[in-house]
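The following exercises concern burial, contacts and overall shape in one structure. Each task is followed by a worked solution.

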Amino acid sequence: MSPVPSVHHRAAITWLSVYAMIMLVQVVIGPVLAPLPMPLRTLVLTAVVVPVVVYALVPNLLRVHARLRGNRR
């Protein structure tokens, strides 16, 4: 089993995942959400982004990171 990535790597992976998902959701459903008030848009955006990032993107990216780190040693 490979060691856990540093807190800095995990933070970078999480930040990149959140950024990418926010951009994607804005492009895909942003026009539909545009007429809504900002708090409601933010609620919908986070309701989509957070579960995808937490349950799908970050775990998979951490696995990829571990494989890449394992290949270097």
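## Exercise 1. Burial and contacts of V58

V58 counts as buried, at 14% relative accessibility; buried means under 20% relative accessible area, exposed over 50%, and partly exposed in between (1.4 Å probe, protein chains only). The model is a predicted one, in which local features need pLDDT of at least 70 and side-chain atom pairs count only at pLDDT 80 or more, while totals for chains, interfaces and linings use all residues. Residues are numbered from 1 along each chain as its sequence is written, and side-chain values use heavy atoms, with hydrogens and water left out.

Task: determine which residues V58 touches, not counting residues up to four places away in sequence.

Solution. Step 1: place the residue. V58 lies in helix α2, residues 38–72; helices (H or I, at least four residues) and strands (E, at least two) are DSSP runs, numbered from the N terminus.

Step 2: apply the contact criterion, which is heavy atoms within 4.5 Å. V58 then touches T14, S17 and V53.

Step 3: follow one of these partners. S17 lies in helix α1 and is buried, with a relative accessible area of 3%. Apart from neighbours within four places in sequence, S17 contacts V53, L57, V58 and L61.

Step 4: turn to V53. With the neighbours within four places set aside, the contacts of V53 are S17, V18, M21, V58 and P59.

## Exercise 2. The aromatic pair

Task: find how many aromatic pairs the whole structure holds, and classify the arrangement of the rings of W15 and Y19.

Solution. Step 1: state the criterion. Rings of Phe, Tyr and Trp (its six-membered ring) pair if their centres lie within 6.5 Å; planes under 30 degrees apart count as stacked, over 60 as edge-to-face and the rest as tilted.

Step 2: search. One aromatic pair is found in the whole structure. The ring centres of W15 and Y19 are 5.6 Å apart and the planes lie at 20°, so this pair is stacked.

Step 3: locate the pair. W15 and Y19 are about one helical turn apart, because they stand four residues from each other in helix α1, residues 7–33.

Step 4: assess accessibility. W15 is exposed at 54% relative accessibility, whereas Y19 is partly exposed at 45%.

Step 5: relate the pair to Exercise 1. W15 and V58 are 43 residues apart along the chain, and their C-alpha atoms are separated by 9.5 Å.

## Exercise 3. The nonpolar core

Task: identify which residues make up the largest nonpolar core, and which element gives the largest share.

Solution. Step 1: a nonpolar core is a set of buried Ala, Val, Leu, Ile, Met, Phe, Trp, Tyr and Cys residues joined through side-chain atoms within 4.5 Å.

Step 2: the largest such core has six residues, namely M21, V25, L45, V49, V53 and V58. The elements giving two or more residues to this core are α1 and α2, and α2 supplies the largest share, four residues.

Step 3: set this in context. In soluble globular proteins, nonpolar side chains tend to be buried together.

## Exercise 4. P5 and H65

Task: decide whether P5 is buried or exposed, and list which residues P5 contacts beyond four places in sequence.

Solution. Step 1: P5 is in the segment before α1 and counts as buried at 17% relative accessibility.

Step 2: beyond its neighbours within four places, P5 is in contact with R10, L62 and H65.

Step 3: H65 belongs to helix α2 and is buried, with a relative accessible area of 17%. With neighbours within four places left aside, H65 contacts P5, H9 and I13.

Step 4: for P5 and L43, 38 residues apart in sequence, the C-alpha to C-alpha distance is 31 Å.

## Exercise 5. Overall shape

Task: compare the radius of gyration with the globule rule for 73 residues.

Solution. Step 1: the protein has two helices and zero strands.

Step 2: the radius of gyration, taken over C-alpha atoms, is compared with 2.2 Å times the number of residues to the power 0.38. The value is 15 Å, well over the 11 Å given by the rule, so the protein is more spread out than a compact globule.

Step 3: along the principal axes, the C-alpha atoms fill a box of roughly 50 × 20 × 15 Å.

Step 4: of the 73 residues, 16% count as buried. Among contacts between residues at least 6 apart in sequence, 70% join residues at least 24 apart.
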